[in-house]
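Colleague: Could you take me through one part of this model closely, namely the surfaces where protein and DNA come together, and then add whatever helps me to place them in the chains?

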Protein chains: 2
Amino acid sequence: MPRPTLRPEAADARAQGLHTIGEAAEATAVSAKMIRHYESIGLMPTAGRTFAGYRLYAESDLHRLRFIKRARTLGFSIKEIEQLLSLWDDRQRASSEVKQLALQHARALEQKIRDMESMRATLTDLARRCHGDNHPECPILEDLAGTSRKATN
Amino acid sequence: MPRPTLRPEAADARAQGLHTIGEAAEATAVSAKMIRHYESIGLMPTAGRTFAGYRLYAESDLHRLRFIKRARTLGFSIKEIEQLLSLWDDRQRASSEVKQLALQHARALEQKIRDMESMRATLTDLARRCHGDNHPECPILEDLAGTSRKATN
DNA sequence: ATGAGGCTTCCCACGGTGGGAAGGTCAAGC
DNA sequence: GCTTGACCTTCCCACCGTGGGAAGCCTCAT
């Protein structure tokens, strides 16, 4: 995704509606650190620069950053976001691939949720059976040590 | 948690019921790699060695490794496991601290579960509304791009 | 004695994010 | 004009937990 490197003066940049990385960060809730990172891994196109070397961002870049932010919030991995972005860039493509990605991710989430729910249930059960007083006996430690007779999961 | 460094011959070690790291790994489902790692970060005591430098593990070590394994399975972090182990080592201590740790961890899990459940719901909703056919319009991409009118979360 | 397979240490990778140092630049105020 | 402070740049390091792999010993069975 190469893009011509612009090298306007800073003042010109403002006039053209371009934003510095700090402004882009504020506008998209993606830290400047992460914006540079996304550029370095190719998730964002190589940013244009002022003569002084400051990165410049147009509205379309902010749009893309918000897309990434939203996808991260939904738990998509960087790899998955790469795919989503390429599908987004290529509007011609059928939506079935996108749906596929979304459902696959939803299934992965379901699995994780089940795992964590199981952990949570075990923990609250153990905690319920633990007096939590001065007595040394504690079902939680017993479970972890494998010395309790009734395993809870 | 220093422990006298034993330096028996390998044959002696077997006779004393000691295990190599590979045997310990198999017996506890903790990889040899991770056992060394846990030693390096102080979660496991410095292992005794044969003259040849091989690490040796007694039953109590396997016990501790199983404890760690179980706690990791329950999603405790290394830091939390450190605390749990110190509570375990010091049986005198009241069980209230353990209960505290368990409940705290359970609450953290609940939060994560809620977050992931929210993501999952959004994704399945978007997928449901996506035709998944050859048409380019796709609510999923629209949501990510922020162009859809009804946000789903 | 040889070879397979275990063990040792050491370094590197992942994903995703943050911290911080050292240095250049911009805009505002005097 | 010059200083000051906020911003930008690059670069390296950290976290957590785990795995991969290289190079070099060690042990045991044949």
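Modeller: The residues of the surface near DNA strand C fall into seven nonpolar, six polar and six charged. Please keep in mind throughout that this is a predicted model. In total, 19 residues surround DNA strand C, and the closest are K33(A), I78(A), T20(B), G22(B) and R36(B), a list that draws on chain A and chain B. Helix 3 (32–40) and helix 5 (78–89) of chain A, together with helix 2 (21–28) of chain B, each supply at least two residues of this surface, and the largest share, four residues, comes from helix 3 of chain A.

Where on the DNA does the protein come within 4 Å? Of the atoms of DNA strand C within that distance of the protein, 68% belong to sugar or phosphate, and the rest belong to bases. The individual polar contacts include both kinds of partner, and I would go through them one by one. On the base side, an N or O atom in the side chain of K33(A) is 2.4 Å from a base oxygen of DNA strand C. On the phosphate side, a polar backbone atom of G22(B) is 2.7 Å from a phosphate oxygen of DNA strand C, while R49(B) uses its side chain, with an N or O atom 3.0 Å from a phosphate oxygen of that strand.

Turning to the other strand, 19 residues surround DNA strand D, and the closest are G22(A), R36(A), R55(A), K33(B) and I78(B). By class, the surface near DNA strand D has seven nonpolar, six polar and six charged residues. Helix 2 (21–28) of chain A, together with helix 3 (32–40) and helix 5 (78–89) of chain B, each give at least two residues to it, and helix 3 of chain B gives the most, with four residues. Of the atoms of DNA strand D within 4 Å of the protein, 73% belong to sugar or phosphate, and bases make up the rest.

The contacts to DNA strand D include base, sugar or linking, and phosphate oxygens, and three residues of chain B can serve to illustrate them. A polar side-chain atom of Y54(B) lies 3.5 Å from a base oxygen of DNA strand D, whereas a polar side-chain atom of R72(B) lies 3.1 Å from a sugar or linking oxygen of that strand. I78(B) takes part through its backbone, where a polar atom is 3.0 Å from a phosphate oxygen of DNA strand D.

Helix 5 of chain B, which contributes to the surface near DNA strand D, can also be examined on its own. Its buried residues are E80(B), I81(B), L84(B), L85(B), L87(B) and W88(B). These cover an arc of only 160 degrees around the axis, and therefore sit on the same side of helix 5 of chain B. An α-helix has 3.6 residues a turn, so residues three or four places apart point the same way. As for its length, the twelve residues of this helix should span 16 Å at 1.5 Å a residue, and the end C-alpha atoms are 16 Å apart, which agrees.

Two further points concern the protein itself. D61(A) has its place in helix 4 (residues 59–73) of chain A, and it counts as buried because its relative accessibility is 4%; its side chain reaches the backbone nitrogen of A58(A) at 2.9 Å. Finally, C130(A) is buried, with a relative accessible area of 2%, and C130(B) counts as buried at 1%, while the structure holds zero disulfides over all chains.

Conventions:
Residues are numbered from 1 along each chain as its sequence is written. Chains are lettered from A and ligands numbered from 1 in the order in which they are written. This is a predicted model: local features need pLDDT of at least 70, side-chain atom pairs count only at pLDDT 80 or more; totals for chains, interfaces and linings use all residues. Side-chain values use heavy atoms; hydrogens and water are left out. Buried means under 20% relative accessible area, exposed over 50%, partly exposed in between (1.4 Å probe, protein chains only). A polar contact is a pair of N or O atoms within 3.5 Å; within protein, one must be able to donate a hydrogen and the other to accept it, and residues adjacent in sequence count only if both atoms are side-chain atoms. A residue is near a molecule or strand if one of its heavy atoms lies within 4 Å of it. Ala, Val, Leu, Ile, Met, Phe, Trp, Tyr, Cys and Pro count as nonpolar, Asp, Glu, Lys and Arg as charged, and the others, Gly among them, as polar. A disulfide is a pair of cysteine sulfur atoms within 2.5 Å. The expected span of a helix is 1.5 Å times one less than its number of residues. The arc is that of the directions from the helix axis to the C-beta atoms.
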